[in-house]
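Hello,

Here is the structure for your files, with the sequence. My notes on the sheet and two of the helices follow below it.

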Amino acid sequence: MTPHGPSLPHPGTGEPFLSPVPPGAGWPADLATQRTPRASTADEVQSLAASSRTLDQLDARVQVCRACPRLVTWREQVATTKRASFAEQPYWGRPVPGWGDPHPHSLIVGLAPAANGANRTGRIFTGDRSGDWLFAALHRAGYANQPTSVHAADGLALTGVRITAPVHCAPPDNAPTTLEKATCAPWLDRELTILEPGLRSILALGGIGWQQVLGAARRLGWQVPRPAPKFGHGAAAVLTMPSGRSIQLLGCYHVSQQNTFTGRLTEQMLDDVLGRL
Ligand code: SF4
């Protein structure tokens, strides 16, 4: 989609942007440019992910990916129609890559960007209630320099932790299809490969994140226990690399409003799991 409509000021920098935001326009933490190679098919995701040499190169390529037609349409449609309360803001409207410490000891794996959260702000878990919960907890645990996360220029920084998602585009009803999860999987495989030498744990937020991490581990030749470990809050499994080094996979209920509003996930439960990273 060609961005259209008026340029609106970024809530942090005040710079004007169209929605969706074109690559290389100066959005905070936009690593892509007009020249960044774009994947338009699953095969192109595979080859561009596999040839990414650095985390920044990988993230830039993710930021311009167009391989899932339904998700591209949805993310851009939301970016132009917008929620009424954000009508005066530009929407990112592109894939949201992983974000945080570039040399983390722990990787947090969620599900997918929220339509009016990360799909608006361009930074994972930023701009919605789920992110409020997660970043407040990361701050209590000493991994975040501030407890709030409102936009991509708010000064938030993570130490020791990076957050990513197995699906990088906002899906309708927060429900990616099996094909969309498979198409996006090579980005996660490559991210894990790049990060693996420094990782000691992976925290899966929700059952889909857990399953996607196990799938990535098998594709990468890591040893996964049999029978396959089941997801649950506080569940743990040991994954072993071909080198013999092991990392811990931890499960945590997702920080969705459905879980936090109902008390299925409490602050204490989240703090307890983060304490095991
Ligand atoms: S979900 Fe993943 S593979 Fe599909 S368009 Fe978005 S970034 Fe590309």
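**What was found**

Please keep in mind that this is a predicted model.

E4 and strand E6 (residues 201-205) run parallel and are joined by four bridges. Two of the residue pairs are worth marking in your viewer: Ile-108 has Leu-203 as its bridge partner in E6, and Val-109 has Ala-204. With strand E5 (residues 161-164), E4 also pairs in the parallel sense, over four bridges. There Val-109 stands opposite Thr-164.

Side chains in a regular strand alternate between the two faces of the sheet. In E4 (residues 106-109) both faces are covered: Ser-106 and Ile-108 are buried on one side, Leu-107 and Val-109 on the other.

These strands belong to an open sheet of six, in the order E3-E5-E4-E6-E8-E7, with mixed pairing. Strand E3 (99-100) and strand E7 (236-240) each have a single partner strand, so each stands at an edge with one side lacking a neighbour in the sheet. Helix H7 (residues 207-219) packs on the sheet and touches E4, E6, E7 and E8. The direction of H7 makes about 140° with that of E6.

The other helix to look at is H9 (residues 267-274), where Leu-270, Val-273 and Leu-274 are buried. These three lie on the same side of H9, because they cover an arc of only 100° around the axis. An α-helix has 3.6 residues a turn, so residues three or four places apart point the same way. The cover over the buried residues of H9 includes helix H5 (129-140), E6 and strand E8 (246-252).

Regards

How values were computed: Residues are numbered from 1 along each chain as its sequence is written. This is a predicted model: local features need pLDDT of at least 70, side-chain atom pairs count only at pLDDT 80 or more; totals for chains, interfaces and linings use all residues. A residue is buried if 20 or more other C-beta atoms lie within 10 Å of its own, exposed if 12 or fewer, and partly exposed in between; C-beta atoms are placed from the backbone. Two strands pair if DSSP finds at least two bridges between them. The arc is that of the directions from the helix axis to the C-beta atoms. Two residues are in contact if their C-beta atoms, placed from the backbone, lie within 7 Å. Axes are lines fitted to C-alpha atoms, for helices over the stretch in contact, and angles run from 0 to 180 degrees between N-to-C directions.
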